[in-house]
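Colleague: Could you take me through some interior features of this model, giving the reasoning behind each reply?

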Amino acid sequence: MRPQPAPLLFKPNLNDAAQRWDAYYAGEIIDRPVVCVTAPKPGIERKPRATYHDRAFGDMDEILDNALHNAAATYYGGEAMPAFRTSFGPDEVAVFCGAELKWSEWSGDTNWSVPCIDDWRTAPPIALLEDHPLWQRMLAFYRRAAERMKGKMLITHLDLHTNMDILAPMRGPERLCMDLIDYPEAIDEAMFQARKVFHKVWSDVCESGQFYENGFWHDCYAMDGAETLQCDFSCMISPEMFRRWVLPALEEEAAIVKHVVYHWDGPGALVHTDDLVKSSLIQTLSYVPGAGNPTHLGYLKMFRDLQDRGKGIQFVGSPEDIKQAHRELRPEKTIYVSWCETPDEAEALLEWFVSNT
């Protein structure tokens, strides 16, 4: 039994939410499934949300001021958690290892990196560059956030595009695809190095963000779905390649993270369903259909099959969508994520789930 968490300013019922999260990870429910629902509080105008570019180069205190203001303007219903994310973008870990971060005037809320590995034989080992200015800024951001947000809201881990998602931006996805066939032994060594990066990034961020303070921080950001493990590059490789290089790395990461919400991105990644289902360390799958594909309601059969095979799933949709899904999905194996227009509507939604579970 872990210690009872102290209330947060923007989540006074944190302990109630924690109990439902604990029940979910034990394969049980208390009186309804996990439901993360947010709503704007009336009469409080929200500040602009910081983009990746803002967080990488903007004024830290202004960003934190706005995040605290927006948390105060938001109702966090059910198991939703007020959480601040420091991420500089999807390729940030590769950048911390030496890739060049690229921006455009029209892409402040996304970014990409310039490959830096031309030949595996002459490339330096893949490793975290501890003196990299953006890595040092990231750690400073965590320290500042931990100081400013203590007792108010949680801080999440950064965007963990690790394992083969480090290799892809450093080498280039197209060239990496060919390397998997032409130079598999070089990829063995590169993945061995990349897996060590995860350990260093994880431990340094946890220390800077004070995630160990009360024994509950890890559970909160993992359970809220704000923290996930992933390998977006997996959509480009075969199941055999996934089993050789990606799955062992994911399971190593999962053993450290404890509770995993796996970010399962796009139809191309569905080829790895059987391997993900067989992994005992990856408990919850969060499928992202991708642009132009059906919403989660269009995948209810797949979700039911996954639950029958022992996996939990994250279902994202409107209040009506999640009500419809609740009639078909197993409540002890579902995390619902939704939004309402008012706190009263969010509370009514939670009451509906209690009455219909």
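Modeller: What follows is a short exchange on a predicted model, covering a cavity, a core and a single threonine.

Colleague: Which helix gives the most to the lining of the second largest cavity?

Modeller: The count comes to 2 cavities of 30 Å³ or more, and the second largest has a volume of about 40 Å³. Its lining residues include Arg 20, Ala 23 and Tyr 24, along with Pro 331 and Glu 332, and the lining divides into 7 nonpolar, no polar and 4 charged residues. With 3 residues, the element that gives the most to this lining is helix H1 (residues 14-25).

Colleague: Which helix gives the most to the largest nonpolar core?

Modeller: Of the 113 residues in the largest nonpolar core, those touching the most other members are Ile 126, Leu 158, Met 164, Leu 167 and Tyr 262. The helix that gives the most to this core, with 10 residues, is H8 (residues 184-208). Met 164, leaving aside neighbours within four places in sequence, is in contact with residues including Ile 187 and Met 191. The helix asked for is therefore named by its share of 10 residues, the most given to this core under the DSSP numbering: H8.

Colleague: Is Thr 162 buried or exposed, and which side chain does its own side chain meet in a polar contact?

Modeller: Thr 162 lies in the loop between strand S6 (154-155) and helix H6 (164-171), and because its relative accessibility is 0%, Thr 162 counts as buried. Leaving aside neighbours within four places in sequence, Thr 162 is in contact with Val 93, Phe 198 and Glu 253. The polar contact of the Thr 162 side chain, at 2.8 Å, is with the side chain of Glu 253.

Methods:
Residues numbered from 1 in each chain as written. Predicted model: local features only at pLDDT ≥ 70, side-chain atom pairs only at ≥ 80, totals over all residues. Heavy atoms only, no water. 1 Å grid on protein atoms, 1.4 Å probe; cavity = no way out; pocket = protein on both sides within 12 Å on 5 of 7 lines; lining within 4 Å. Points joined across faces, edges and corners; volume = space filled by probe spheres on them. Helix = DSSP H or I, 4+ residues; strand = E, 2+ residues; numbered from the N terminus. Nonpolar A, V, L, I, M, F, W, Y, C, P; charged D, E, K, R; others polar. Core = buried A, V, L, I, M, F, W, Y, C linked by side-chain atoms within 4.5 Å. Buried < 20%, exposed > 50% of the residue type's maximum accessible area, 1.4 Å probe, protein only. Contact = heavy atoms within 4.5 Å. Polar contact = N/O pair within 3.5 Å; in protein donor to acceptor, adjacent residues only side chain to side chain.
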